[in-house]
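Let's take a walk through this structure together, from the contact between chains to the empty spaces and a few backbone oddities. Have the model open and turn it as you read.

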Amino acid sequence: MLQVLGQNVLNALQLGSVYALIALGYAMVYGILTMINFAHGDIFMVGAYLSLAAAVFLLGLPFKAPLPFVFVGALLFSMFLTALLGVTVERLAYRPLRQAPRVSAVITALGVGLFLENFTLAMLGPQPRHFPGLIPMQPWNIFGLTLTPLQVLIILLAALLMVLLDLLIRRTLLGMAMRAISYNRPIVPLMGVPVDRVISLTFAVGSAIAAAGGLLYGLAYPVLDPYMGIRIGWWAFIAAVVGGIGNIRGAMLGGYILGFVEIFTPVLLPASTYRDFVAFSLLLLLLVFKPTGLLGRPMFERV
Amino acid sequence: MSLPRWAAFVAVMLFFFSGACAKKEATDIRLGVNAELTGSKPAVGASCKNAAELLAAQINQSGGLKLGDKAWKVTLFVEDNEDKAESAAAAAQKLITQNNVLAIVGPNASGNAIPAARICEDAGVIMVSPWSTNPKTTEGKKYVFRACFIDDFQGQVMAKFARANLKAQTAAVLYDVASEYNKGIAEFFKKFFEENGGKVVAFESYTKGDMDFSAQLTKIKGADPDVLFLPNYYNEVPLQAQQARRLGITSAIIGSDSWGSEELLRLGGKDLEGCFFSTHYAQDIATEKAQKFITDYEAKYGQKPDDVAALTYDAGNLLIAAITKAGAPDRRKVRDALATIQEFEGVTGNMQFKGTGDPIKSAVILQIKDGKFAYHASVKP
C-alpha cells in the first residue's frame with residue numbers, strides 16, 4: 001500500500017513538474033499585463049515540436065552524437081526559438097491591443113492559439129509524431145518503487161528551472177522591473193523603465209520555459225500531435241489560478257497540486273472520468289473561498 | 001446610386017439559383033466517404049480515403065459501372081469527420097443534403113459511426129462502415145451495414161486466445177471510457193474471459209486525450225495480472241505499453257483491431273515486440289484477390305494497405321455489388337439488394353450475411369515480430 005502511494009507520488013511529481021513549467025508562463029504574463037495568454041498551451045506545443053526537430057537533426061548527424069549532447073542541444077535550440085516565437089506573438093498580436101479593452105486581448109490570444117494549432121497541422125500533417133528516446137528508460141528498483149532516469153531528470157530539471165526563474169525575478173534588475181510593472185504600470189515608465197522591452201523579455205522567458213516543458217513532456221509521452229497543447233494548456237491555466245494568478249511561486253505550487261489531482265483521482269475514485277470534474281470543482285471551491293488563489297494577494301482597483 | 005449595386009446582387013443570386021435548380025439527368029453514381037482525416041487517428045482516415053479513391057478510379061477506368069445499357073461513372077465526395085462524433089454526424093448530413101449521395105462509406109471508428117448511422121438511417125441513405133466493430137452501429141437499423149466482424153466476436157476471440165494460448169489465469173484491462181469502441185470491446189473481453197474461467201483483476205479506464213496512464217497502471221501492477229488487454233487506438237497504445245514497461249509490468253500485452261495501423265510500430269514498436277492482437281486480415285496469407293488489391297494499392301500509394309484500407313475496399317465493392325444487383329442507383333432498391341446479399345468474397349475474406357447488417361467472418365491474430373506484423377492464427381466464427 002505504501003509502495004503504491006510512493007509510486008503515485010512519483011508519478012504525480014513528474015506530471016506536476018510539467019504543469020508547473022507551463023503555469024509559470026500564464027502567471028508571468030498575467031502578472032505583468034493582467035492578460036490571460038490563452039495561446040500559451042500552443043506555444044508549449046510548438047516548443048515540443050521544435051525540440052523534436054532539433055533532436056531528429058542532431059541524431060541524424062554523420063558522426064554519432066552522444067545522447068546528453070543531443071538533449072542539451074534540443075533543449076537550447078527549442079528554448080531559443082520558442083522564446084523568439086513568444087516575443088513575435090506579443091509584438092504582432094498583443095502590443096497593438098495594449099490600450100484596447102482587456103477582452104479584445106483575450107480573444108486575440110485564443111485566435112493566436114488556433115492559428116498555431118492549425119498552422120502546425122497544415123505544415124506537418126495530422127499524423128502524430130514519435131519523439132526519439134534520448135534519456136534511458138530502464139527502470140531502477142528502489143524500495144519497491146520503480147523510477148526511471150527520465151523521471152528523475154524531469155523532476156530535477158523542472159525544479160532547477162523554477163529556482164533560476166525565482167532568482168531572476170527576485171534578485172535581478174530585470175526581475176525588479178517586472179515586479180515594478182506588475183505593481184503599477186502607469187508609473188513605471190516615468191522612472192525610466194523600458195516597459196515594452198521588459199514585456200518582450202517576460203514573453204521570451206515564459207515561452208522558453210514552456211519549451212523546456214515541451215521537451216520534457218515529449219520525452220515522457222513520446223507521441224506529439226498538433227492539439228497536444230490544448231488540454232495541457234487548460235490544466236496549466238487552472239494551476240496558475242489555483243496558485244494565485246500572477247504569482248510565480250503560486251503557479252509552481254498550483255502545477256504540482258494539479259499533477260496530484262490528475263494522478264490521485266483515478267486512484268481514489270473508481271474511474272478517471274471524474275478527473276476533470278475534481279479539478280474544476282477544486283478551482284470553483286477555491287475561487288469561492290479564496291478568490292485570489294492560494295498565494296495571490298488581493299488586487300485593489302486603482303481608480 | 002444604390003440601385004445598380006442592388007440589381008447586380010439580385011442578378012448574381014439568380015444566376016446561382018438557376019444553376020442550383022436546373023435538374024440535369026444524373027449520369028454518375030455519387031458515393032460519400034465519411035473519414036477521420038484529421039483528429040487523433042488520421043492514418044485511419046487516410047487509408048479509408050485512399051482505398052475508396054482506388055476503387056472509384058478502377059471502376060471509372062474500366063468504363064464505369066454498367067447498369068442495363070448505360071455506363072455510370074462513380075463520383076466520390078470525401079468529408080473529414082475530424083474524429084469527432086458531432087462532426088461525423090454533420091459530415092453525413094452534408095453528404096446527404098448537399099452532395100445528394102446514394103450511399104456513404106464510413107465513418108470507421110465506432111464513436112463516429114454510431115451518430116452518423118443514426119443520421120443515415122433517418123434519411124434513408126445507405127451507410128456501410130468499413131471498420132466500426134461496435135454492435136450499436138447497425139443495431140435496429142435498416143440502412144446501415146458494415147464490412148467487419150463485431151466486438152461480440154472479437155472480444156471472445158481475444159479472451160479465448162488469452163486463456164488457451166497464453167495460459168492466462170488473470171487479466172487486466174485499461175480502456176478509454178469515453179470512446180464507444182474501446183468501452184464496448186473491453187466489456188466483451190471481460191465477460192468472455194470470466195466465462196472461460198479466468199479472472200479480471202483490474203478493469204481501469206481513462207479518458208480520450210490522456211497521455212499519462214501511470215496512476216491506472218500502478219493499480220494494475222499491484223494486481224499482477226498474467227495478461228494486460230489494451231483495446232485502444234494505435235496512437236495511444238505505444239504510450240500505454242511504454243509506461244507499463246517502465247513501471248515494471250511484465251505481463252503479456254494483447255490488443256484488438258484498433259492496433260492495426262503501421263503507425264503503431266512507428267510510434268513505439270520496441271515496447272510492443274512479441275505482443276498479439278486480433279484484426280481483420282493478414283497480408284501474409286493474402287488470397288489471390290487480396291494479393292491483387294495489395295499490389296494495386298502499393299503501386300498507387302507506395303505503401304501496403306492496412307486493415308482499414310482493405311475493409312474500405314470491401315465496403316465499396318459490397319455497395320457496387322448491391323447497385324449492380326438493384327440495376328439502378330436508387331437508395332431504396334440498393335438497400336433492398338444489399339439486404340439480400342448472403343455471401344460476399346472480399347479481400348478480407350469470406351463474409352456471410354444472415355439478415356442483419358453484420359457479416360459473419362473470420363478474425364486473424366497477428367504478432368508483432370521484429371518490428372513487423374506477422375500472421376499467427378486464424379479464428380473462424
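What follows goes through the interface, the pocket, the cavities, a salt bridge and the backbone, in that order.

Keep in mind that this is a predicted model. Start where the two chains meet. How many residues of chain B are in contact with chain A? The count is 29 on chain B, and they touch 32 residues of chain A. The size of an interface is often given as the accessible area lost when the parts come together. Here chain B and chain A bury about 2600 Å² between them, and 57% of that area is on carbon and sulfur atoms. On the chain B side, the residues that lose the most area to chain A are Met211(B), Asp212(B) and Arg246(B), which together make up 25% of what that side buries.

Now look at the polar side of this contact. Between chain B and chain A there is a count of one salt bridge. To find it, go to Arg275(A) and Asp210(B), whose side chains meet at 2.8 Å, N to O. There are also nine residue pairs in polar contact between the two chains, counting pairs with both residues at pLDDT 80 or more. Which elements of chain B supply at least two residues each to the side that touches chain A? They are strand 8 (199–206), helix 7 (214–223), helix 8 and helix 9 (263–266). Helix 7 of chain B gives the largest share, with six residues. Sorted by class, that side of chain B has nine nonpolar, 12 polar and eight charged residues.

Next comes a pocket that draws on both chains. The second largest pocket has a volume of about 890 Å³. It is lined by 33 residues, and the closest to its centre are Tyr227(A), Gly39(B), Ser40(B), Lys208(B) and Gly209(B). Two elements give two or more residues to this lining: helix 8 (228–243) of chain A and helix 4 (110–123) of chain B. Helix 8 of chain A has the largest share, four residues. The lining of this pocket splits into 14 nonpolar, eight polar and 11 charged residues.

Now for the closed spaces. Rolling a probe the size of a water molecule over the atoms shows where empty space is left. In this model, the count comes to five cavities of 30 Å³ or more. The largest cavity holds about 120 Å³ of space. Its lining takes in residues of both chains: Gln7(A), Asn11(A), Gln14(A), Thr146(A), Thr148(A), Gln151(A) and Tyr221(A), along with Asp212(B), Ser214(B), Gln243(B), Arg246(B) and Leu247(B). Helix 1 (2–33) of chain A and helix 8 (237–246) of chain B are the elements that give two or more residues to it, and helix 1 of chain A has the largest share, three residues. Two familiar names turn up in this lining, Asp212(B) and Arg246(B), which are also among the residues of chain B that lose the most area to chain A. By class, the lining of the largest cavity has two nonpolar, eight polar and two charged residues.

The second largest cavity holds about 80 Å³ of space. Which residues line the second largest cavity? They are Leu31(B), Ala52(B), Leu55(B), Ala56(B), Ile59(B), Val74(B), Leu76(B), Val105(B), Thr312(B), Gly316(B) and Ile320(B). Helix 2 (42–61), strand 3 (70–80) and helix 11 (307–326) of chain B each supply at least two of them, with the largest share, four residues, coming from helix 2. This lining has nine nonpolar, two polar and no charged residues.

Back to salt bridges for a moment: over all chains, the structure holds 24. One to look up inside chain A joins the side chains of Arg98(A) and Asp196(A), at 2.8 Å, N to O. This pair links distant parts of the chain, 98 residues apart: Arg98(A) is in the loop between helix 3 (67–94) and helix 4 (102–124), and Asp196(A) is in helix 7 (residues 195–220).

Finish with the backbone. Most residues other than glycine have a negative phi, and most peptide bonds are trans. Where does Thr34(A) lie? Thr34(A) sits in the loop between helix 1 and helix 2 (40–59) of chain A, and its phi is positive, near 45 degrees. In chain B, the peptide bond from Gly106(B) to Pro107(B) is cis, with omega near -5 degrees. Pro107(B) belongs to the loop between strand 4 (103–105) and helix 4 of chain B.

Key
Residues are numbered from 1 along each chain as its sequence is written. Chains are lettered from A and ligands numbered from 1 in the order in which they are written. This is a predicted model: local features need pLDDT of at least 70, side-chain atom pairs count only at pLDDT 80 or more; totals for chains, interfaces and linings use all residues. Side-chain values use heavy atoms; hydrogens and water are left out. On a 1 Å grid over the protein atoms alone, a cavity is a set of points where a 1.4 Å probe fits but cannot get out, and a pocket is an open set with protein on both sides within 12 Å along at least five of seven lines; lining residues have an atom within 4 Å of a point. Grid points are joined across faces, edges and corners, and a volume is the space filled by probe spheres set on the points. Ala, Val, Leu, Ile, Met, Phe, Trp, Tyr, Cys and Pro count as nonpolar, Asp, Glu, Lys and Arg as charged, and the others, Gly among them, as polar. Contact means heavy atoms within 4.5 Å. Buried area is the accessible area (1.4 Å probe) that two parts lose on being put together, summed over both. A salt bridge is a side-chain nitrogen of Lys or Arg within 4 Å of a carboxyl oxygen of Asp or Glu. A polar contact is a pair of N or O atoms within 3.5 Å; within protein, one must be able to donate a hydrogen and the other to accept it, and residues adjacent in sequence count only if both atoms are side-chain atoms.
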